[in-house]
Amino acid sequence: MERPTLPPRRPVASEAPKAKKRAPGARPDRPPRPSAPERRVDVRDWLGRVRVSGFVVIMLGLVVLGTFVLVPTVGTYMDQRQQIQALESAVKIGQSEVEDLQMQRDRWSDPAYIRTQARERLGYTFPGEVVYLIDNDLPASATPQEQDDVSGDVGQTRTDWMAQLVRSVTASGAAQVAVPTIGVPDPTPAPDAPAP
């Protein structure tokens with residue numbers, strides 16, 4: 001199994017001119033000297049060299065003023081855009097409701113629909129028609145029967161709930177309530193208790 005190898009190194013741009021200067025047979029260059037330590041920049045000195053003109057001050061003031069003016073305006077704009085989107089969705093919902101109502105209006109303008117609704121909902125008939133109402137038209141096997149009890153032990157109780165309610169209310173009103181006396185000593189000591 002072969003090991004992967006790196007491609008040959010290309011000379012860096014700063015090393016390329018040195019290679020041109022070296023003549024064939026000349027001795028190799030010395031290793032480059034370490035670069036000089038970076039100079040520290042004195043901030044006070046740098047700020048002292050910065051010149052501020054009146055134009056720069058005016059422009060910075062306008063930028064700050066524009067920021068204070070535009071930030072609330074942008075917030076108001078975003079709120080208004082959200083309100084517009086909410087209202088547009090409400091309009092779409094309203095338009096769908098209007099379309100549904102128009103479809104219902106078109107249905108009710110059809111005489112055949114009106115006739116069927118009058119027959120089904122109100123039981124109307126035309127003069128001369130005979131209507132037969134059939135009661136208990138299902139055979140005895142198809143009629144719904146009362147459901148049998150799930151088990152013989154548990155069954156449905158048939159009680160008068162109103163009488164039970166009245167009995168419960170009167171019993172709870174007549175019951176004696178024990179009032180707790182926390183922290184209050186009993187005035188009569190129990191006969192079995194020894195006197196302190």
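Mentor: Let's start with what a bend is: the bend at a residue is the angle between axes fitted to the seven residues ending there and the seven starting there. Keep in mind that we're looking at a predicted model.

Trainee: Okay, so where in helix 3 does a kink lie?

Mentor: At L70, where the angle comes to about 25 degrees. The proline P72 follows shortly after that spot.

Trainee: How do you know what span to expect for helix 3?

Mentor: You take 1.5 Å times one less than the number of residues. Helix 3 covers residues 54-108, which is 55 residues, and the expected value is 81 Å. Its first and last C-alpha atoms are 79 Å apart, so the helix comes close to the expected span even with that kink in it.

Trainee: And what else makes up the secondary structure of the protein chain?

Mentor: Five helices and zero strands, giving the pattern α-α-α-α-α along the sequence.

Trainee: Which of the elements has the highest mean pLDDT, and which the lowest?

Mentor: Helix 3 is at the top with 91, while helix 1 (residues 16-21) is at the bottom with 50. For the protein chain overall, the mean is 76, and 64% of the residues reach 70 or more.

Trainee: Why is Q117 called buried?

Mentor: Buried means under 20% relative accessible area. Q117 has 11%, so it falls under the cut-off. Of the 196 residues of the protein chain, 1% count as buried. Q117 sits in helix 4 (residues 111-122), and beyond its neighbours within four places in sequence it touches W108 and L122.

Trainee: What makes W108 buried, exposed or something in between?

Mentor: Its relative accessible area is 38%. Exposed needs over 50% and buried needs under 20%, so W108 counts as partly exposed. W108 belongs to helix 3, and, its neighbours within four places in sequence aside, its contacts are Y113, I114, Q117 and R121.

Trainee: How many aromatic pairs does a search of the whole structure find?

Mentor: One. It's formed by W108 and Y113.

Trainee: Why is the pair of W108 and Y113 called stacked, tilted or edge-to-face?

Mentor: Check the distance before the angle. The centres are 5.1 Å apart, within the 6.5 Å limit, so the rings do pair. The planes are 80 degrees apart, and over 60 counts as edge-to-face, so that's the label.

Trainee: What about the accessible surface of the protein chain, and how much of it belongs to carbon and sulfur atoms?

Mentor: The surface comes to about 20,500 Å², and carbon and sulfur atoms account for 60% of that.

Note on methods:
Residues are numbered from 1 along each chain as its sequence is written. This is a predicted model: local features need pLDDT of at least 70, side-chain atom pairs count only at pLDDT 80 or more; totals for chains, interfaces and linings use all residues. Side-chain values use heavy atoms; hydrogens and water are left out. Rings of Phe, Tyr and Trp (its six-membered ring) pair if their centres lie within 6.5 Å; planes under 30 degrees apart count as stacked, over 60 as edge-to-face and the rest as tilted. Buried means under 20% relative accessible area, exposed over 50%, partly exposed in between (1.4 Å probe, protein chains only). Helices (H or I, at least four residues) and strands (E, at least two) are DSSP runs, numbered from the N terminus. Accessible areas come from the Shrake-Rupley method with a 1.4 Å probe; for residues, only the protein chains shown count as cover. pLDDT is the predictor's confidence in each residue, from 0 to 100. Contact means heavy atoms within 4.5 Å.
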